[in-house]
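Read the following with the sequence and the coordinates open side by side. The text goes from single polar contacts to the sheets and then to the aromatic side chains.

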Amino acid sequence: MSSTHLTEIQSVPTSGARGVEPFDLDGMHLLAIPQLAYDMPDTPADMNGGDSDTDLLLLKRGERGYEPFQRVPAPGGEDAEFFRIGDRAFLAVASIRTGNGPYRYATSSHVLEWDGTSFAEFQSFDSFAAKQWSHFTIEDRHFLALAQGVVLPEQEADNRPSQIFLWDGERFAAGSTTSPVSSNRSRPARSRGPPPSGPST
């Protein structure tokens, strides 16, 4: 008799995991897991605390389940988006903040490219409280949208609008922007929660 409900088959150690991006690449089944923060020694766990200098976890499915495959520095990880352009494979990672308090929301978010054996940095984007990447196509054009921005006391001038980048054949070039308001309003179905928060356990 088949099961009528979900059953846990594996537990993966993470810290402040903000999402899971499953994808297939070169015959492998992979998971990308962005992590917001690590717990700090002698400091109580805090939804808004922790050390944001974290890694993106990449896991590969093996005979015994998903196993560690690669770690990529991705501070304050909020989202990972896998996509392809022709025969090239990319992984975009949104970073909301850096540091361990006070936090810096003006940071960089990165697009990684698969080189045949691992992911390496392909392009870096200045961002502010980045929440989410989304790749989409219109006819034969490739776009990459970055949802970002949050209004913080005394940092209003640093806020940045969400932005859409267009693939020019070699890299992503800046395109249109949206109003610089909290990116938490973008695509609520995939929301990871309020921009400034972040579990550290």
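A polar contact is a pair of N or O atoms within 3.5 Å; within protein, one of the two must be able to donate a hydrogen and the other to accept it. The model discussed here is predicted. One such contact involves S15, which lies in the segment before β1. A polar atom of the S15 side chain is 2.6 Å from the backbone oxygen of A37. Buried means under 20% relative accessible area, and S15 has 11%, so S15 counts as buried.

The overall make-up of the chain comes next. The protein chain has 0 helices and 12 strands, so that its elements, read from the N terminus, run β-β-β-β-β-β-β-β-β-β-β-β. Of its 201 residues, 47% are buried. The accessible surface is about 10800 Å², and carbon and sulfur atoms account for 51% of that surface. Among contacts between residues at least 6 apart in sequence, 48% join residues at least 24 apart.

What is the order of the strands in the sheet that contains β1? This open sheet has 4 strands in the order β1-β2-β3-β4, with antiparallel pairing. Strands β1 (21-25) and β4 (65-73) are at the edges with a single partner strand each, so one side of each has no neighbour in the sheet. On average, neighbouring strands of this sheet are turned by 30 degrees against each other, direction ignored. Strands of a sheet pair through backbone hydrogen bonds, in a parallel or an antiparallel way. Here β3 (residues 55-62) and β4 run antiparallel and are joined by 8 bridges. Within β4, Y66 is the residue opposite R61.

Two buried polar residues can be followed from this sheet. E21 lies in strand β1, and E21 is buried with a relative accessible area of 14%. The E21 side chain reaches the backbone nitrogen of F82 at 2.9 Å. Leaving out residues up to four places away in sequence, E21 touches L30, L31, A32, A80, E81 and F82. F82 is thus a residue that E21 touches, and its backbone nitrogen is the atom reached by the E21 side chain.

The second of these residues is Q35, in the loop between β2 (28-33) and β3. Is Q35 buried or exposed? Q35 has a relative accessible area of 3% and is buried. A polar atom of the Q35 side chain lies 2.9 Å from the backbone oxygen of D55. The residues that Q35 touches, not counting those up to four places away in sequence, include T14, S15, G16, A17, T54, D55 and L57. R71, A74, G76 and G77 are also among them. L57 is 22 residues away from Q35 along the chain, and the C-alpha atoms of the two are separated by 7.7 Å.

Another open sheet has 4 strands in the order β5-β6-β7-β8, and its pairing is antiparallel. Its edge strands are β5 (77-85) and β8 (119-128), each of which pairs on one side only. Neighbouring strands of this sheet are turned by 20 degrees against each other on average, direction ignored. Strand β7 (residues 106-114) runs antiparallel to β8, and 9 bridges join the two. One position in this pairing is L112, whose bridge partner in β8 is E121.

Further along the chain, β9 (residues 132-138) pairs with β10 (residues 141-147) in the antiparallel sense over 7 bridges. T137 has H142 in β10 as its bridge partner. The hairpin formed by β9 and β10 has 2 residues between the strands, and E139 in this hairpin takes a positive phi near 55 degrees.

Aromatic side chains are the last topic. The structure holds 15 aromatic pairs. In one of them, F125 and W133 are arranged edge-to-face, with 5.2 Å centre to centre and 65 degrees between the planes. Both residues of the pair can be checked for burial. F125 has a relative accessible area of 4% and is buried, and W133, at 0% relative accessibility, counts as buried. One aromatic cluster is formed by F23, F69, F82, W114 and F119. F82 therefore links back to E21, whose side chain reaches the backbone nitrogen of F82.

Conventions
Residues numbered from 1 in each chain as written. Predicted model: local features only at pLDDT ≥ 70, side-chain atom pairs only at ≥ 80, totals over all residues. Heavy atoms only, no water. Pairing = 2+ DSSP bridges. Axes fitted to C-alpha atoms, helices over the stretch in contact; angles between N-to-C directions. Buried < 20%, exposed > 50% of the residue type's maximum accessible area, 1.4 Å probe, protein only. Contact = heavy atoms within 4.5 Å. Areas by Shrake-Rupley, 256 points an atom, 1.4 Å probe, with all protein chains shown as cover. Phe/Tyr/Trp six-rings, centres within 6.5 Å; stacked < 30°, edge-to-face > 60°.
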